[in-house]
Amino acid sequence: MDVLVLGGTSFVGRAVVDALLTRGHSPTLFTRGITNPDLFPDVLRRRGDRDAGDYASLDGSSWDAVVDVSAYHPRHVGQAIDAAPAGRYLFISTVSVYDVPRCPEEGLTEDAALLPEVRDTEEVTNDTYGGLKVACETDLRRRLGDRATIVRPGIVAGPHDTTDRFTYWARRASQGGRVALPGRPEQPVQVIDSRDLANLCAQLLEDDRLGTFNAVGPAVPVSMAELIATCAQAGSTTAEVVPVPLVERTPPFPLVLDDPNDDRMFRSSSAAARAVGLTATSLLDTALDTAAWDAERGAPPIPRAFTPEQEQAALAGSPVREAP
């Protein structure tokens with residue numbers, strides 16, 4: 001298949017391109033040429049800026065499919081549909097579209113309540129992100145009908161993760177010892193390996209499958225304590241989880257949910273995606289590969305998480321203050 005990837009050089013998009021190439025497809029990347037410009041040197045590229053509405057490089061072309069990993073505003077979706085005619089359009093959305101208080105406490109499925117659409121702002125924040133994605137989904141379905149496929153990932157983990165949410169725990173737990181957790185050890189957590197997400201997207205395109213699919217893992221959520229223990233195992237060590245007071249941060253501490261009512265977000269069902277081919281890399285393998293990549297890049301500081309000094313203060317019972 002000839003597949004246009006809107007994005008494709010940063011984390012999830014990178015994994016999608018890898019999966020398409022491995023499976024024998026021919027991706028073309030539409031990017032600004034800023035992020036990892038030397039990645040995939042043998043893959044065709046078209047240059048453009050979605051935020052500026054610049055799709056001129058796509059004029060006169062069509063594709064078997066489009067994978068959209070970089071739309072955050074409904075206008076992004078509408079403009080891309082106009083600029084890139086394709087047999088199928090796969091939009092990578094997010095589980096953040098769900099209106100959590102109105103969702104079931106267990107097994108959150110694709111037909112659960114969604115947030116109200118957001119269309120009156122260009123600013124992507126914690127408050128607008130989910131609603132903007134809902135509007136993107138609505139416009140995609142309205143324009144393309146049965147040619148629309150929507151994938152809603154949860155927390156994505158693995159090498160090249162620009163958010164470092166899972167990477168923080170893969171790094172810290174692999175060091176062993178007393179590990180400060182500013183949250184609840186029993187809190188559920190779900191992470192999906194970026195490679196599993198990418199292979200799901202490729203499979204859906206190969207099957208020309210319409211529908212909406214939660215892309216989360218594992219099928220049965222683990223607890224934060226179990227996740228930390230697995231990350232410690234990846235480092236051939238053990239970790240003692242020490243609960244410490246919650247640290248108020250925006251965005252919040254990596255993977256930590258302040259409000260137990262939000263736990264249902266980490267109890268999402270991936271049954272529909274698994275039924276059509278979602279694979280499940282073990283959490284241990286994800287931790288091993290993430291830790292190896294983190295070490296290779298030099299283990300830079302991770303924002304929003306504890307510095308070693310802050311963690312020691314938290315373990316000693318002292319208040320932790322954010323750096324100015």
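## Helix H3 and the glycine after it

Glycine 145 follows helix H3. Its phi is positive, near 55°. This is a predicted model, and H3 covers residues 129–144 in it.

How far apart are the end C-alpha atoms of H3? They are 23 Å apart. At 1.5 Å a residue, the 16 residues of H3 should span 22 Å, so the two values agree.

## How H3 is covered

H3 is mostly covered. Twelve of its 16 residues are buried. The buried residues include Gly130, Gly131, Leu132, Lys133, Val134 and Ala135. Cys136, Glu137, Thr138, Asp139 and Leu140 are buried as well, and so is Leu144.

Which elements do these buried residues pack against? One is helix H2 (74–83). The others are strand E5 (86–92) and strand E6 (148–153).

## The largest nonpolar core

The largest nonpolar core holds 34 residues. Those with the most contacts inside it are Phe166, Trp169, Val189, Leu227, Ile228, Cys231 and Phe306. Several elements each supply at least two residues of this core. The strands are E7 (155–157) and E8 (177–181). The helices are H4 (165–174), H6 (224–234), H8 (283–296) and H9 (308–315). H6 gives the most, with six residues.

Isoleucine 228 shows what such packing looks like. Leaving aside residues up to four places away in sequence, Ile228 touches Trp169, Ala173, Val179, Leu181, Ala239 and Val241. Trp169 is also among the residues with the most contacts inside the core.

## A second core

A second core is separate from this one. It has 33 residues. Among them are Val17, Leu204, Leu205 and Ala273.

## The whole chain

The protein chain has nine helices and 13 strands. Its radius of gyration is 20 Å, close to the 20 Å that the globule rule gives for 324 residues, so the chain is as compact as a globular protein of that length. Its C-alpha atoms fill a box of roughly 65 × 45 × 40 Å, taken along the principal axes.

How much of the chain is buried? Buried residues make up 52% of the 324 residues. The protein chain exposes about 14300 Å². Carbon and sulfur atoms supply 50% of that area.

Contacts also reach along the sequence. Among contacts with a separation of 6 or more, 74% join residues 24 or more positions apart.

Technical notes: Residues numbered from 1 in each chain as written. Predicted model: local features only at pLDDT ≥ 70, side-chain atom pairs only at ≥ 80, totals over all residues. Heavy atoms only, no water. Core = buried A, V, L, I, M, F, W, Y, C linked by side-chain atoms within 4.5 Å. Buried < 20%, exposed > 50% of the residue type's maximum accessible area, 1.4 Å probe, protein only. Helix = DSSP H or I, 4+ residues; strand = E, 2+ residues; numbered from the N terminus. Contact = heavy atoms within 4.5 Å. Expected span 1.5 Å × (residues − 1). Rg over C-alpha atoms; globule rule 2.2 N^0.38 Å. Areas by Shrake-Rupley, 256 points an atom, 1.4 Å probe, with all protein chains shown as cover.
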